[in-house]
Amino acid sequence: MDEDQYIREINKSTLDDVAGAVNDEEVGGTEFVRSTVEWYDNAFVNLALFRYLDPPGTLVSGPVQLVAYGAAAPPGSTRVWGGVVVVDGVNQAVEMYREGGAA
């Protein structure tokens with residue numbers, strides 16, 4: 001992992017809550033890169049990788065939204081990631097879209 005990246009554990013009970021946690025993290029001048037499901041501390045968890053934006057204070061173009069894999073994309077958004085997340089203890093295939101496009 002590069003020095004300009006860090007991992008945050010994100011475990012929530014709904015897709016909207018997972019997306020909200022990503023959006024909250026990005027307010028600090030970072031951008032979501034990807035998430036993996038890992039076994040940690042006797043449970044499966046989402047470990048999200050973020051990168052710091054340069055120059056400091058830069059913000060991404062818009063909030064993210066998670067939808068079930070294959071569902072319609074939110075209007076006016078761009079797909080930025082797809083994978084699996086644990087939501088309320090269950091693996092779920094998802095796609096992440098950013099309102100207004102990428103950073």
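In this predicted model, D54 sits in the loop that runs between β3 (43–52) and β4 (64–68). With a relative accessible area of 68%, D54 is exposed. On the surface, D54 joins D2, E3 and D4 in a patch of negative charge. The backbone does something worth a look here too: the peptide bond leading from D54 to P55 is cis, with omega near 5°. P55 belongs to the loop between β3 and β4 as well. For context, most peptide bonds are trans, and most residues other than glycine have a negative phi.

That second habit is broken in two other loops. N42, which is not a glycine, has a positive phi of about 65°. The loop between β2 and β3 is where N42 is placed, and its relative accessibility of 65% makes N42 exposed, since the cut-off is over 50%. D88 goes the same way on sign, with phi near 55°, a positive value in a residue other than glycine. D88 is located in the loop between β5 and β6 and, at 59% relative accessibility, counts as exposed.

Now for the charged pairs. How many salt bridges does the structure hold? The count is 4, and three of them are described here, starting with R8 and E25. The closest N and O atoms of R8 and E25 are 3.2 Å apart. This pair links distant parts of the chain, with R8 in strand β1 (residues 5–9) and E25 in helix α1 (residues 15–26), 17 residues apart. R8 is partly exposed at 37% relative accessibility, while E25 is buried, with a relative accessible area of 18%.

Helix α1 also supplies E26, whose salt bridge with R98 has its closest N and O atoms 2.8 Å apart. Because E26 lies in helix α1 and R98 in strand β6, the pair ties together parts that are 72 residues apart in sequence. Are the two partners buried or exposed? E26 is buried, at a relative accessible area of 3%, and R98 counts as buried too, at 1% relative accessibility.

Strand β6 takes part again through E95, whose side chain meets that of R79 in a salt bridge (2.9 Å, N to O). Here the link is between strands: R79 is in strand β5 (residues 77–87) and E95 in strand β6, with 16 residues separating them. R79 counts as partly exposed, at 44% relative accessibility, whereas E95 is buried at 9%.

Next along the chain from E95 comes M96, placed in strand β6 (residues 90–99). Its relative accessibility is 1%, so M96 counts as buried. What does M96 touch, leaving aside neighbours within four places in sequence? The contacts are V22, F32, V64, Q65, L66, T78, R79, V80 and W81. R79 on that list is the salt-bridge partner of E95. As for G83, the C-alpha atoms of M96 and G83 are 8.5 Å apart in space, with the two positions 13 residues apart in sequence.

W81 turns up once more around S35, a residue of strand β2 (residues 30–40). Not counting residues up to four places away in sequence, S35 touches N46, L47, A48, W81 and V85. S35 counts as buried because its relative accessibility is 10%, and the cut-off for that label is under 20%.

How values were computed
Residues numbered from 1 in each chain as written. Predicted model: local features only at pLDDT ≥ 70, side-chain atom pairs only at ≥ 80, totals over all residues. Heavy atoms only, no water. Patch = residues over 30% accessible without salt bridge, like charges linked within 9 Å, V, L, I, M, F, W, Y side chains within 5 Å. Areas by Shrake-Rupley, 256 points an atom, 1.4 Å probe, with all protein chains shown as cover. Lys, Arg positive; Asp, Glu negative; His and termini not counted. Charge placed at Lys NZ, Arg CZ, Asp CG, Glu CD. Helix = DSSP H or I, 4+ residues; strand = E, 2+ residues; numbered from the N terminus. Buried < 20%, exposed > 50% of the residue type's maximum accessible area, 1.4 Å probe, protein only. Contact = heavy atoms within 4.5 Å.
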